[in-house]
Amino acid sequence: MITSLARSKIRSRVVALAMAATLSVAGVMTGATTQAAAAAGVENEGADCAVPGLPDAGSLPTNARLPDPFRKLDGTRISARSEWRCRREEIKRLAEKFVYGEKPAKPSSVTGTVSRTGITVNVNHNGKSAAFSASVSLPSGPGPFPAVVVLGGFGADMAAIQAAGAAVISYDPYAVGREGTPRNNKQGAFYSIYGSSSSTGLLLAWGWGVSRIIDVIEQSDGGILRADATGVTGCSRFGKGAFVTGAFDQRIALTMPIESGSAGVPIFRGIPGEGAQSLSSAYGEQPWLGDAFGSFTSSPTRLPVDTHEMVAMVAPRGLFIMDNPHITNLGPRSASVAALGGAEVYKALGAGDNITYWSDIQDGNHCANRPEWRTPLQQSIQKFLLKTGNASGAMRISSRASGNLSEWRDWQTPALGDSGDTTPPSTPGTPTASNVTTTSAALTWAASTDQGGSGLAGYNVYREQGATDPQLGQSTTNSITLTGLSPSTRYQVYVQARDGAGNLSGGSPPVTFTTAATGGDTSPPTAPAGLAALGTTSTGTNLSWTASTDDVGVAGYDLLRATGASGGTFTQVGTSATTSFGDTGLTPSTTYRYQVRARDAAGNTSPVSNTVQVTTQPGTPTGACTAAPTVQTQWATGYVVQPRTITNTGTSTITGWTVTFTLPPGHTLTGSWNGTATVSGQSVTIRNVAHNGTLAPGAATTGVGFQASRPNGNTALPSGYTCA
């Protein structure tokens with residue numbers, strides 16, 4: 001049924017007005033306080049921009065300086081803030097082509113659920129499907145809450161996030177893009193949809209996963225999580241992912257990367273001279289970057305973009321970059337240059353107070369929760385997610401790793417005008433809905449006219465949904481086909497016109513329509529009960545449960561698994577038509593948690609069952625291996641080591657490995673990654689994790705590493721490396 005309601009609403013974005021006045025390298029960026037710029041209602045506001053042809057890799061000139069973020073592909077520079085939308089789109093396309101790979105537009109169908117404990121995501125596109133989930137931890141209070149997506153459970157202080165009033169969404173990026181895979185056989189939900197040989201790197205695949213979580217939040221009733229107040233954070237490799245995620249999805253109101261290192265915030269051009277992890281090492285360690293970046297690892301000066309422009313892609317939204325000046329391997333000096341360069345765009349847009357870079361810290365341990373960051377973290381959440389604060393951004397750059405932007409640029413920041421047009425377009429006519437299916441609907445409306453002289457740029461389409469109205473799409477014409485809708489759902493939709501200066505018209509009278517039902521069944525089955533595990537071996541376990549009931553009939557069950565005794569994300573690992581399931585291919589001596597949910601023929605899914613935990617038995621090595629340690633960086637009181645290559649030297653596949661070594665007296669292990677570490681005295685044992693334990697004969701895994709502290713001036717290093 002389709003009806004039209006004769007009333008309208010006016011929606012306006014919050015516009016940042018004042019400019020930051022000064023930048024002090026070792027101090028604070030000060031100036032008139034600006035309001036937080038609202039996140040966009042769509043993933044990419046510039047999708048409708050006409051972008052000239054991109055250059056070919058072979059024709060790129062060498063430029064030792066940072067590219068001018070204000071210079072368009074046609075050689076002219078932007079002169080008005082309204083031009084930034086399409087200039088940002090040019091930067092995005094260049095970054096996709098030469099650095100990260102392509103981030104596809106929203107798939108044809110994204111569905112899922114939001115509960116007080118979790119989010120499920122189901123994606124269908126071009127006949128392919130994938131599913132993953134994330135856990136939710138809510139702060140106290142009635143909600144709805146803003147939320148911060150924490151990549152890999154490893155980001156900003158989660159207790160501080162919740163204390164500030166925001167929920168935490170714990171997202172496992174490996175469910176979407178798995179590490180430890182070759183570039184021609186990438187694995188995870190993203191690559192299940194777009195192919196294992198996709199040239200898109202893991203960082204953008206991880207960001208795609210966060211975007212699909214936001215899609216599901218937008219489709220929910222808004223009673224638990226707010227669709228207009230999402231942040232993202234991560235540290236180390238997940239800091240790289242958080243940075244790219246925030247740059248490529250304009251619905252994210254606050255981006256908070258931590259100690260992201262090479263392939264993260266640091267400018268590519270600065271990494272070779274600083275002594276950070278080399279670009280070839282970062283490119284080869286994991287397929288984080290897109291395949292095309294391989295031709296630039298030894299010649300970053302040929303890149304037509306650099307990371308200061310990825311910082312600028314976040315503008316004018318909230319950006320809080322946290323860095324560690326004590327570890328040269330992370331490239332903190334180059335990261336500060338990226339922040340300073342991107343801040344010039346923030347200033348030109350009148351949003352200088354919306355960016356913070358903070359490396360002035362005492363604790364040099366990698367990814368530590370630091371007291372220096374707690375207050376600005378909570379102020380950022382209050383300003384950009386809760387909209388209750390107005391704290392100024394700061395540039396707190398440590399003198400240990402202070403970058404000088406003037407050495408890297410030959411361009412100056414323009415004074416961008418407002419084009420003089422402050423008059424919004426006329427209000428669009430009432431939309432008419434047609435061809436309504438289970439997941440889509442076509443809308444048309446009477447066109448608006450431009451009133452101020454900057455030209456009609458297009459239309460924004462919103463779903464009226466109470467406290468926050470998610471944007472469903474954009475169009476350059478007076479029609480659109482909405483996709484990815486939920487079956488059996490009532491939608492009330494209105495349209496606003498926008499002009500070239502960014503002015504928005506009043507909202508049209510809304511149209512109401514209800515998508516078709518899927519088989520007419522909207523009642524989910526009951527939750528399975530009594531989930532139990534039996535016969536657990538080193539590589540498998542058997543699960544059983546009590547059957548669910550349904551008013552029509554249970555079609556099957558989905559098995560969900562998370563790694564570890566706590567944290568992590570439950571992802572679907574299999575299905576069963578009965579009340580039992582055998583899970584195989586597990587890693588020895590590893591803890592897993594399982595849940596099961598029922599589904600009916602209409603696609604309705606039940607709540608999850610109880611959680612059962614198992615620990616696999618120790619495995620028996622089936623081959624020999626070697627570990628080759630490499631000191632990536634060291635300083636007076638510590639160092640970072642990566643046994644960069646663990647190689648199976650045997651003649652049969654190994655399903656697990658264990659590296660042991662001895663720390664010198666007085667040395668202490670302070671962190672490790674891509675392995676589970678245990679310490680006994682000065683003896684350290686690192687065992688594989690789930691994604692890197694299986695190695696075919698001659699195969700190798702990289703990226704396993706650790707950090708240690710040592711007495712000041714002691715230059716000894718670990719010894720006695722063995723692998724079994």
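Helices and strands here are DSSP runs, helices being H or I with at least four residues and strands E with at least two, and they are numbered from the N terminus. With that in place, I can say where Asp-323 sits: in the loop between strand S11 (318–322) and helix H9 (332–348).

Before going on, a word on the source. This is a predicted model, in which local features need pLDDT of at least 70 and side-chain atom pairs count only at pLDDT 80 or more, while totals for chains, interfaces and linings use all residues. Residues are numbered from 1 along each chain as its sequence is written, and side-chain values use heavy atoms, with hydrogens and water left out.

Let me stay with Asp-323. Buried means under 20% relative accessible area, exposed means over 50%, and partly exposed lies in between, with a 1.4 Å probe and protein chains only. A salt bridge is a side-chain nitrogen of Lys or Arg within 4 Å of a carboxyl oxygen of Asp or Glu, and for charge, Lys and Arg count as positive and Asp and Glu as negative, with His and the chain ends not counted. On those terms Asp-323 is buried yet has no salt bridge, and the nearest side chain of opposite charge, that of Arg-370, is 8.2 Å away.

What does the side chain of Asp-323 make a polar contact with? The partner is the side chain of Tyr-357, at 2.9 Å, where a polar contact is a pair of N or O atoms within 3.5 Å; within protein, one must be able to donate a hydrogen and the other to accept it, and residues adjacent in sequence count only if both atoms are side-chain atoms. Taking contact as heavy atoms within 4.5 Å, and not counting residues up to four places away in sequence, Asp-323 touches several residues, including Glu-259, Trp-358 and Trp-373.

Now to the interior. A nonpolar core is a set of buried Ala, Val, Leu, Ile, Met, Phe, Trp, Tyr and Cys residues joined through side-chain atoms within 4.5 Å. The largest such core has 98 residues, and those with the most contacts inside it are Tyr-100, Ile-119, Ile-169 and Leu-225. Helix H4 (residues 202–219) gives the most to this core, with eleven residues. A second, separate core of 25 residues includes Ala-160, Cys-235, Phe-320 and Met-322.

Helix H4 itself is largely enclosed by the rest of the structure, because 18 of its 18 residues are buried. The expected span of a helix is 1.5 Å times one less than its number of residues, so the 18 residues of H4 should span 26 Å, and its end C-alpha atoms are indeed 26 Å apart. Helix H5 (residues 237–248) should span 16 Å, and its end C-alpha atoms are 17 Å apart, which agrees. H5 is mostly covered too, with twelve of its twelve residues buried.

Just before H5, in the loop between strand S9 (225–235) and that helix, comes Ser-236. Ser-236 has a positive phi of about 60 degrees although it is not a glycine, and at 16% relative accessibility it counts as buried. Lys-387 also has a positive phi of about 60 degrees without being a glycine, but at 39% relative accessibility Lys-387 counts as partly exposed. Most residues other than glycine have a negative phi, and most peptide bonds are trans. On the second point, the peptide bond from Gly-143 to Pro-144 is cis, with omega near 0 degrees, and a cis peptide bond also joins Ala-315 and Pro-316.

How many salt bridges does a search of the whole structure find? The search finds 31. In one of them, Glu-309 pairs with Arg-87, the closest N and O atoms being 3.4 Å apart. Glu-309 lies in helix H8 (residues 307–314) and Arg-87 in helix H1, so the pair ties together parts that are 222 residues apart in sequence. Both Glu-309 and Arg-87 are buried. A network of salt bridges links Glu-43, Lys-103, Arg-212, Asp-215, Glu-218, Asp-249 and Arg-251.

I will end with Thr-584, in strand S25 (residues 580–584). At 62% relative accessibility, Thr-584 counts as exposed, and, not counting residues up to four places away in sequence, Thr-584 touches Thr-539 and Gly-540.
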